[in-house]
Amino acid sequence: MDQKTLRILEFHKVREQLAAHTAFTLGRERALWLEPSADADIVELRQDETAEALDLINRQGGLPLGGVRDIRRSLRKADMGAILSPEDLLEIASTLYGTGEARRFLFANADEGSQLKLLADRLEPALSLREQIEKCVGDDGEILDSASEALRSIRNRMRSLQGRIREKLDSIIHSARYQKVLQDPIVTLRNRRYVVPVKTEFKGQLPGIVHDQSGSGATLFVEPAAVVEINNQLRQLEGEEAEEIERILRQLSIAVGNKAKELLVSVETLGRLDFIFAKAYFAASQKATRPRLRTDGYLDIREGRHPLLKGKVVPLDLWLGRDFTTLVITGPNTGGKTVALKTVGLLTLMAQSGLHIPALEGTEVNVFSHVYADIGDEQSIEQNLSTFSSHMANIVRIMEEADDGSLILLDELGAGTDPTEGATLAMALLQWFHKRGCRTVATTHYSELKAFAYMTEGLENASVQFDIETLRPTFKLEIGLPGRSNAFAIASRLGLRDEVIELARAHLTQDDIRVDDMIQNMEENRRKAIHERTVAERLRVEIEAVRDDYEKRLAKLEESRETILAAARQEAAELLSIAKSEADQLLGQLRSAERLEREAIARDVRASLEDKRDALIDVQPVKTREPVRVQLDKMVPGTPVYLNKLKQEGRILDLTTSGEALVQVGPLRVNLPVEELSVTEEKRTATGLGGNVSLQSNKAAQISSELDLRGMTVQEAKDRVDKYLDDALLAGLSRCRIIHGKGTGALRSAIRSQLEAHPLVKAYRLGGPGEGGDGVTVAELG
């Protein structure tokens, strides 16, 4: 990609913002060397990586890279046979621990077949090597006694000799015989030998070897003769200890060297993973979305925002490459023309670098073979070039390199020279780039280019609008409408006399008047079109409301009909059963009765049937309770709903523009089409659950994954831990680090007892290398 364009569009500042989200050196290096790609497959792969990492962050939190260091130099030294220092080995062990944690996290949470899962396969935690180093090297870099039996034996003998020396020296410094000889009753070291401080005037009173003298000369540091031989033996053992330590370090270095090539691949993969997750964190900080990639030259930016601008930014809507391939933007100075140009260029470079971009879902970005920009004042005093000459030199270079897959961004085209010649030159350049097949966006002040774009096929006008009432630009880009000068209107608003303005109008050429009239007619037609579209949209909403109401009424009638029919069938069955029973009873009576008795029974039966008929006629229809119904477009976060297919109840957390709802069902969250939901309550406001969602997002933004208890009493610490665990679970943290320090161990024991009994804590463990060791407890929440 053109390096001058990257500098002009300030892509290096995007790299720096991205690098701020990395965890260690290798990830930062990748961020600062990030380059856009012109290969659509590579760009798609990079976008996949960013999307996967962002999804993982939203679901499980970030990739654990605690303790990971840049150990490439140490690995290369070991590969060449050099002996590594204890500090180098500690960094390697810490990095191997972090590698294991990252590998476990990705294998547990990344989707099968994803890019992150494939990268996890390349991580080498080298567990046996890490355990070997941790067995030999302590947290402070000291070689431990457990490193070898020989070292343990040597140090045991050294401790024995040191004890004997101390006993003899203690007897000397506490002896009444030497009280006046000694400067202080203490034992110290000089030249790695145990000595006592003797007053200079009593030099001969204590036999021994003088090793040092104080600065004032009043004290001599004497090794008493009684411990000289023992000190000699101790020095000999110290030499043996140093040789054994060197042997251990050499052995460990050889073990590292044997796996150096695998570990180099692993640490480079960690750097790539760190970089990928930095892209995801950067996307989250920018509220960015994944763009759809195209290769047909079409670009459609929806509410794009310049990533380097702070505060309230007016979003940009711009499309290019379908009905037209060249866009000419006009408008007032400081109106946002150059910002629009830079936004298009920078968002394109970000997308082709695998970064998500600050724009709405559905934004489409073409993968261009080249992106060229000629923006700003490129005047060069050293080369004796004017602004116009400098711009022309850059444009000539662009013309030599551009092809039909290039995006060309030209600011104030043709400026810096005679207006007539500058305008005609600008027209010729736009025509040349258009015939070349480039996608071009250019800004200009020349009125002639408005008519040129209007009359030339494949070119389109656009403008940044200006509010005459407030005399301020709106920074809103309008495609299809050229910008007006507004000079006369502004002058009139500022109080310039009408006769002066009329004199100025008289100097306008017919072409100028025709262009201004054309723009005014286009503005009026646009306003009419907007009004008609608004009316049509209102009618559409009303018609849809009527249709929805009709469909609901029809559904209600159908439901009532089925209910009535079912009840009728049930009642008919019951009546038939009763009638059959009564008929059987009647037949029995008739068979056993005489004629007169039969007539009486018949009369009674007829009377009974008439009473039942009258009762049926008098029965009033039972009104069924209408099910609660709410229009789908009135669903809000917090609305209780019934999931038709899952046969479960839940509450709406959020609604998307694509017609889906995020629903909380017990501990789960699911995305479902709103058509699959039924409202279960008649009235619901956006408060309630919405407040919980806001609380959770606020907690997630404020809560740290670490809690520092150092300096607190046990009770204070326990109170803090209780509140912190509640907040951490509400914020969605799955793991946290509780820092209690080493000290006497009382605080650590109290905290571990509290975690053991706490209902929110699934598991806990002491911190590993790079996590704080015994001074930290890591808790898993669930």
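Select β21 (residues 735–739) and β23 (residues 776–781): these strands pair in the antiparallel sense over 5 bridges. Pairing requires at least two DSSP bridges between two strands. Strands are DSSP runs of E, at least two residues, and helices are runs of H or I, at least four, both numbered from the N terminus.

A note on the model: it is predicted, so local features need pLDDT of at least 70, side-chain atom pairs count only at pLDDT 80 or more, and totals for chains, interfaces and linings use all residues. Residues are numbered from 1 along each chain as its sequence is written, and side-chain values use heavy atoms, with hydrogens and water left out.

Now pick I738. Opposite I738 stands T777 in β23.

Add the whole sheet. It is open, with 4 strands in the order β20-β21-β23-β22 and mixed pairing. β20 (706–708) and β22 (761–766) are the edges; each has a single partner strand, so one side of each lacks a neighbour in the sheet. From one strand to the next, the twist averages 20°.

Select helix α22 (residues 746–757). This helix packs on the sheet and touches β21, β22 and β23. Contact means heavy atoms within 4.5 Å. The direction of α22 makes about 155° with that of β22. Axes are lines fitted to C-alpha atoms, for helices over the stretch in contact; angles run from 0 to 180 degrees between N-to-C directions.

Last stop: S37, in the loop between α3 (25–32) and α4 (40–60). S37 counts as buried because its relative accessibility is 11%, and buried means under 20% (1.4 Å probe, protein chains only). Show its neighbours: leaving out residues up to four places away in sequence, S37 touches I42, V43, R46, Q352 and V367.

Methods
Buried means under 20% relative accessible area, exposed over 50%, partly exposed in between (1.4 Å probe, protein chains only).
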